[in-house]
Amino acid sequence: MSWLVALPLPIPALDFSPPHAFEGPLPLGHRVVVPWQGGIQIGIVVGEGQAHTHRLREAIQVLDLWVHPALIQALKHHEHLSGTPLGLLFCDTITSGWEPHLRHFVKPVEGVDLSPFELQLPEEWTPYHGNSALLDQIREQGLLEERFEFPERTELAYRGRLEGEGKLTPKQKQAWKTLLSIKEAPSLAEWARQAEVSTSVVSGVLSRGWAEAFQRPAGPPECIPVQERNLKKAEWDLPEAGPFRLHGGHPIERFQHLKTLMEAHLETGVLYLTPDSYRLDRAWQALSHLGAQCYSGSLNMLQREHIWQQVRDGHCKLVIGTYGALGLPFPSLGLIIIEEEGSDAYKLLSGSKMFIPDLASQVARERQSLLVCSGSVPAVESLLHEGKVLPAPKTRVHVVNYAEDSSQPETGPLSMQHMKPALEGYPLSQDLRKVLTQVAERGRQAVLLAPRKGYSALIRCRSCGYIPFCKHCDVPLKFHQVSRQMQCSQCGYREPPPSTCPKCKGAIWQPKGPGTEWIAQETRQLLPGFAVYRYDRDHQDDLHPIYEGHPGIVVATQALLQEKAPPELALLSLTLADSWLGYSDFRTDERYHKLLRQLLEWHPRRAPLLVVQTFQAQHPALLSVTEHIPADEFPFKDLSRRKALLYPPYSLLAQVEVAARDKARSDTVAEEIQKHLLQKGADPEEVLGPAPAPIGKVRGLFLNHLLLRAVSEQRLKVLLELMDGRWKARVRVEINPRNANF
């Protein structure tokens, strides 16, 4: 029997022979040390292999259990459907334990002479730190025995001695006596603090031999402290089977319901997943008093390994974390909670490009766990399951309808002489200007959400309408006022704005689509002397004064919503809500609705005024908020539309991306794939496209998309298998795309 081992590399699982003289069952889910490219690598046993053992390299040693078999089965299911190498799936889901600091011991096989390899090894176990390639040659010949051990973690500490060399000053004697009384100090600073002297004094005691440094066993790493909170429990009929959904209401109300549910499953294990750091912090403050551990990418390697082992050994039965916590090896897992299950933050942007809630659903099925989705608004795909919707909280929303207000007088010029004057009322409407003035007068805080970073989305010649585009991408160059540069948002290409139009030689440029720089400038002109901050991917002002409660206005992109809300927030504004509706994606309306609901509950205690500036004041998603409609009513309308169009949850999607340096080749290959699928038996309704990608050219590559739509996983797998072949362009497949433009 051979073993199938997944390595943390973008390759399929590989076959290895069991270690020499290994006895016992298949160590499924265990970490193993295997030879790899002249060295060693940590892998995970994921099943029985199929290859003949006499042709394989031997695994060197089995270490410890690290992954639950249910996760392995879920990842294999995804591999089978998507064709993504299993090693890449493990890279994205197993976020700890790939690089343990192992102690390596070797000795030659009894009676073996290693002199032909110019290596002398004692006959007893010896630590080895030499040439790994040479060692691999000996290992491949079967002439070497090896052993790996986990080293004991130690830390430096200090203790006093009864006598030393030389005399001590009075302060040094005081420090020496303090150290004798406390027996051990973890650092010079802590020793000095307890002795109430400076670190130079304790250093003098150490140098004179009246104290010594030594290594002692290190304790567990410090974890995020539990928040003590007296959260009430809500009495409700707990679900016995899932998936189940709990949405609407205020976050505190949802946490009260979830507390009751979690306490009922604590003994069998509970995992609470959040999409980002802001929601993680909010859930931690509300629920960590139940005895939780926090697991996220912000932890260091030691902290992650410690929590992983605590969960594996059954010492921790509740974890609140981001997507990496899904790989934790709970011995039993009775409940999985996914907060905001439709959030795009769960979509991995690189690597396997998995959508984490899909994997969590598969894990719940494998482990027969109760799956509960919770959040401000349900994902449309969740509506097929039973659920509970809490009453909508009280909100204050004011809509500025630009479509009905055309009497906007012109005001002063912008920052550049050759640019057209702005219109008063855009990007700050008359109503928004009034409430911003009130914020400043009352010393409160406000957040203005801009749809983009930089100064403007593009600049256009006022005379002929010419727009400068990126040389490498099919997007207009964004203007950045501070750097006086036009920049591409896709590839980073930069160039200065031309003084005259290359087409008509006109000298006046008209900026279109305000970004954070433009809106911040308009706000400073409106409120001179009042604190105005910017927060986007390129520019992040220090917001400590805001979080300390000082008055101010933050002009930001949506990235700010991943942080906690300012404590004295009185006003929120979407400066142009239509920007969130300008995407050719069937999920656009759903995202817009979620954004509005998220803004209304962003602050944990108060309900700031939300000002929405829009040309689409009658959009159903906005009306559902202004008219205090239950959180699931708009998603149910969207569900009806998807049923008619056969979109998820009534189908499964896979996006095929065709990329080539030559546009004609990209178009041709995309058409060839479509014809090939139809000739092989695909239904025309199962193959949508081809069509140019939303951004047709990125970094010099011309992109085309096809969308495969199937009513079942089995059918989608058949379609993907039909597409296998050699194509004269780069072809990539993404399961469950989050930006499907059909």
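Me: What does buried mean here?
Reply: Buried means under 20% relative accessible area, while partly exposed covers the range from there up to 50%. The model is a predicted one.

Me: Why is Cys373 called buried?
Reply: Cys373 has 7% relative accessibility. The cut-off is under 20%, so Cys373 counts as buried.

Me: Why is Cys91 called partly exposed?
Reply: The relative accessible area of Cys91 is 29%. Buried would need a value under 20% and exposed a value over 50%, so Cys91 is partly exposed.

Me: How many disulfides does a search of the whole structure find?
Reply: Zero. A disulfide needs a pair of cysteine sulfur atoms within 2.5 Å, and the search of the whole structure finds zero such pairs.

Me: What share of the chain is buried?
Reply: Buried residues make up 52% of the 742 residues in the chain. The chain has 18 helices and 32 strands, and its C-alpha trace spans about 95 × 85 × 65 Å along the principal axes. Among contacts between residues at least 6 apart in sequence, 72% join residues at least 24 apart.

Me: Why are α4 and α6 called roughly perpendicular?
Reply: The axes of helix α4 (residues 170-182) and helix α6 (residues 199-207) cross at roughly 75°. Angles of 65 to 115 degrees count as roughly perpendicular, and therefore α4 and α6 are described that way. Their axes come within 9 Å.

Me: Which residues of α4 and α6 meet?
Reply: From α4 they are Lys171, Gln172, Ala175 and Trp176, and from α6 they are Val201, Val202, Gly204 and Val205. By class, this contact of α4 with α6 has five nonpolar, two polar and one charged residues.

Me: What makes Glu339 a buried residue?
Reply: Glu339 has 2% relative accessibility. Set against the cut-off of under 20%, that value means Glu339 counts as buried. Glu339 is in strand β15 (residues 335-339).

Me: What joins the side chains of Glu339 and Tyr272?
Reply: A polar contact of 3.0 Å joins them. The limit for the pair of N or O atoms is 3.5 Å, so the distance of 3.0 Å fits. Beyond four places in sequence, the residues that Glu339 touches include Tyr272, Arg279, Arg282, Tyr346 and Ser374. The C-alpha atoms of Glu339 and Leu246 are 9.5 Å apart, with their positions 93 residues apart along the chain.

Me: How do you know that Arg738 is buried?
Reply: Its relative accessible area is 8%. Buried means under 20%, so Arg738 is buried. Arg738 lies in the segment after β32 (730-735).

Me: With which side chain does the side chain of Arg738 make a polar contact?
Reply: The partner is the side chain of Asp344, at 3.1 Å. Leaving aside neighbours within four places in sequence, Arg738 is also in contact with residues including Lys347, Phe355, Asp585, Arg587 and Arg591.

Me: Why is Ser624 called buried?
Reply: Ser624 has a relative accessible area of 2%. The cut-off is under 20%, so Ser624 is buried. Ser624 lies in helix α15 (residues 620-626).

Me: What lies 2.7 Å from a polar atom of the side chain of Ser624?
Reply: The backbone oxygen of Ala621 does. Not counting residues up to four places away in sequence, Ser624 touches His593, Arg597, Ile629 and Phe634.

How values were computed: Residues numbered from 1 in each chain as written. Predicted model: local features only at pLDDT ≥ 70, side-chain atom pairs only at ≥ 80, totals over all residues. Heavy atoms only, no water. Axes fitted to C-alpha atoms, helices over the stretch in contact; angles between N-to-C directions. Helix = DSSP H or I, 4+ residues; strand = E, 2+ residues; numbered from the N terminus. Parallel < 35°, antiparallel > 145°, perpendicular 65-115°, else oblique. Contact = heavy atoms within 4.5 Å. Nonpolar A, V, L, I, M, F, W, Y, C, P; charged D, E, K, R; others polar. Buried < 20%, exposed > 50% of the residue type's maximum accessible area, 1.4 Å probe, protein only. Polar contact = N/O pair within 3.5 Å; in protein donor to acceptor, adjacent residues only side chain to side chain.
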